[in-house]
Structures are given as C-alpha cells and as structure tokens.
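Open the structure in your viewer and keep the selection panel at hand. Each stop below says what to select and what to look for.

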Amino acid sequence: MIVEGAIVDVDGARPAYVRFQRGRIVEVGQPGTDSRRGKDKKVQGIVTPRPVNSHTHLGDAAAAQDPPRAPVSEIVGPGGLKFRRLAALSADQKTQAMRSALERMVGEGVAAVVDFREEGVAGVEQLRNAAHDLPIEVRILGRPLRRPVEAGELNRLLQVAEGIGVSSAREENSLTRTQIAERAHRSGKWFALHASEEVRESPDAYLLPKPDLLVHLTKASFDDLGAVAKARIPVAVCLRSNALFGRGPDLSEFARAGIRLLIGSDNAMLNAPSVFRETEFAYLSGRLLHHPVDAAYLARAAFVEPWLWLDEPGRARVAPGMTGAPLVLRLPPDDPAYQVVTRATEQLIVPTGAE
Ligand SMILES: [Zn+2]
C-alpha cells in the first residue's frame, strides 16, 4: 500500500508518500516518485506518529456525570466529589470503566497513555489489570496514600508504577514533595505534579524539587512559562478540563515561551479520553479567546513531543525502520498539521496491516 499525501512528524509537516509492506514502512519520498509506480494500492492520506494521551486520571472513568458548577478542588481535589463517588464503587466497576476508557483510546490509535493513578498500590494494580492484553502502553504515576510519607508504601508503589504523580505544591508540602521526588529519582522513575491550575503558584514551588513533568499551568504568567521552558520540563495541558471550570490558557504564549507541550484529556470523569477531541478543542478555543495557536504546535504536542519525553525518538519520525506502526488518516494533504489537529477521527484511520 502507498499512502500519498503528507507526513506530520518530528521534522514537521511536508508532502510525501509512504510505502508500506506487511504493515512496515519500506519507503518514503516525494509524492509521485515511488519506485513501484502504479503497482501498489494507493490511498490519499496523512501519516503521523501514533498519538499519546499525556495526562489522564482513568481511575475516575466510573464516576462520569455532569459535574456541578463548583471549584475544581471541590470536584477532583483531595476529598472532593470524585473521591466520594469512587469510594462508593467496587474495584471491579472501576477496573471495567478504566478498560472501556483504554479501549476507546486504542480505537483512536493512541499508543501510550500517562496516567495519574490515585488510590495507592491497589489503584495502580487495578489499572494494570484493566490494560491487560490491550495494545496500548500504560505509564502509571501512582500516588502514596499516607501522610507523612511512609517509606514502605512509597517503595511498593515505585515497584509497580513508572513514577509518582501528586496533586500540587499547594496540596502537598515541600517535605512530602522532596521525599517523593528523591526516592522516585533514585529508583530511576518519574516525579510529576499539577501546577498553577486553579490559582497562580510561584515557579519555585513546583520546580523544586525538579519534576519530570508538569500538568496544566493554566494560571502561569509569561515569566513563569519562561522559567519552566528554561528548566526544560514538558507541560501536559488539558484544555477541555480547564474549560469546564471557565479557564482558557493561552497556548500561543506557551509556544512563544518555548514550552515543550504535551496534551492530555485529564479526568475521565470530566471528559472522554480522546486526544483528537482535545487537539480540536485546543485549536478552536485559541481562536475563540483571541489567542490563536499554531496547529503545528498542537500536532507536535499530540504526536511528537511525548515520544521524545518518553525517550523513544524512533517513534516520532515517519521513516523506514520506524519503531512501531505510524497512524494513517484518510485526510487531504493540504495544510496537514491543521487537518490532523482539527479533523482527525477514529473513522478516518486507515489500517496499515500492522494491527
Ligand atoms: Zn490531572
């Protein structure tokens, strides 16, 4: 099969053809110059690396209901509505709901998800069970339950999870964050947290101890964004989640500050775990709020930057020898970054034979 149209990957967007053989890329070049002209089945489309959902809380998928109008901390913060709803559900119900959420992402071609999993070691194990045998990599950032932090619980968590994800610097004191970050880094694992979501926090509060990933920065000033960019810490933004609480961060400022952007769908209780919906909304809300953001920046956040963060650059470039399969979307090749950001749907995915 030959896909003729465009590529959107780590090298940007460009016209191209991509030839597949048994699901693998064997040739890439300028449209109309393929070596087997006329012999292979040809489809028009855009080829990208697989999308990554870089921030979720899949654990609350079972608690999805129209959220009441209340501050974010009362809905999903520690002790909030979400935790009260979850407490009323069985482990089985939660695992089933997480599996459905993962299956939905698989349908969209999402190859990896980075999840903040609350509820301690048991929470991490539930998500592992939910993901069993599904073709999606689940990178779990667990959360210890005990405060003050207890070494035994933290160590057990670091054995089963890829790292620790905490609520925020406002909700976890500096001693807790330092203990968690040090222990996680000593085990070669990640430490991540939410920052400046509901109110602005000082960068010192969330950059020390140094995290591997920040989430939101909805209320960050341009100087704050500059400090994060300088520290080379990627930021996962979740614009549909922010919108539910009346907030619309200016991603054009993130781009101008040089932030390495990732995109996530946040709480499965608040929004469907769809990367495609997330990129479309991010693009449209920029226009609505008069701070348009480049589609190329958003495409990079969904399809490229997460692979670099996950230290898998071989999955960010569409080329022969690419690690894993790319995503092929039956979309016209004009302005390809805009096409994939605003128009991608599950129904437009073209099977490559690798599935
Ligand atoms: Zn979150």
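The tour goes from an open sheet to a helix lying across it, then to a helix pair and a buried strand. Note before starting that this is a predicted model.

**Stop 1: the open sheet**

Select strands 1, 2, 3, 4 and 14. These five strands make an open sheet, ordered 3-2-1-4-14, with mixed pairing. Look at the two edges: strand 3 (24-29) and strand 14 (327-329) each have a single partner strand, so one side of each lacks a neighbour in the sheet. Turn the view along the sheet. From one strand to the next, the twist averages 40°.

Now zoom in on strand 2 (residues 12-21) and strand 3. They run antiparallel and are joined by five bridges. For a landmark, pick Val-18: its bridge partner in strand 3 is Val-28.

**Stop 2: the helix across the sheet**

Add helix 12 (residues 295-303) to the selection. Helix 12 lies across strand 1 (2-9), strand 2 and strand 4 (42-48). Against strand 1, helix 12 runs at about 95°.

**Stop 3: the helix pair**

Keep helix 12 and add helix 11 (residues 275-288). At what angle do the two axes cross? The crossing is at roughly 155°, and the axes come within 10 Å. Helix 11 is therefore roughly antiparallel to helix 12. The crossing is right-handed.

Show side chains at the contact:

- From helix 11, select Val-275, Thr-279, Ala-282 and Tyr-283.
- From helix 12, select Ala-295, Leu-298 and Ala-302, which meet them.

Colour these residues by type. Six are nonpolar, one is polar and none is charged.

**Stop 4: the buried strand**

Move to strand 6 (residues 112-117). Is strand 6 largely enclosed or largely open? Six of its six residues are buried, so strand 6 is largely enclosed by the rest of the structure.

Check each face in turn. In a regular strand, side chains alternate between the two faces of the sheet. On one side of strand 6 sit Ala-112, Val-114 and Phe-116, all buried. On the other side are Val-113, Asp-115 and Arg-117, also all buried.

**Stop 5: the strands that pair with strand 6**

Add strand 5 (residues 52-57), which runs parallel to strand 6 and is joined to it by three bridges. Pick Val-52 and find its bridge partner in strand 6, Ala-112.

Then add strand 7 (residues 137-142). Strand 7 also pairs with strand 6 in the parallel sense, over six bridges. Finish at Arg-117, whose bridge partner in strand 7 is Gly-142.

Conventions: Residues are numbered from 1 along each chain as its sequence is written. This is a predicted model: local features need pLDDT of at least 70, side-chain atom pairs count only at pLDDT 80 or more; totals for chains, interfaces and linings use all residues. Axes are lines fitted to C-alpha atoms, for helices over the stretch in contact, and angles run from 0 to 180 degrees between N-to-C directions. Helices (H or I, at least four residues) and strands (E, at least two) are DSSP runs, numbered from the N terminus. Angles under 35 degrees count as roughly parallel, over 145 as roughly antiparallel, 65 to 115 as roughly perpendicular and the rest as oblique. A crossing is left-handed if the near helix is turned anticlockwise from the far one by less than a right angle, and right-handed if clockwise. Two residues are in contact if their C-beta atoms, placed from the backbone, lie within 7 Å. Ala, Val, Leu, Ile, Met, Phe, Trp, Tyr, Cys and Pro count as nonpolar, Asp, Glu, Lys and Arg as charged, and the others, Gly among them, as polar. A residue is buried if 20 or more other C-beta atoms lie within 10 Å of its own, exposed if 12 or fewer, and partly exposed in between; C-beta atoms are placed from the backbone. Two strands pair if DSSP finds at least two bridges between them.
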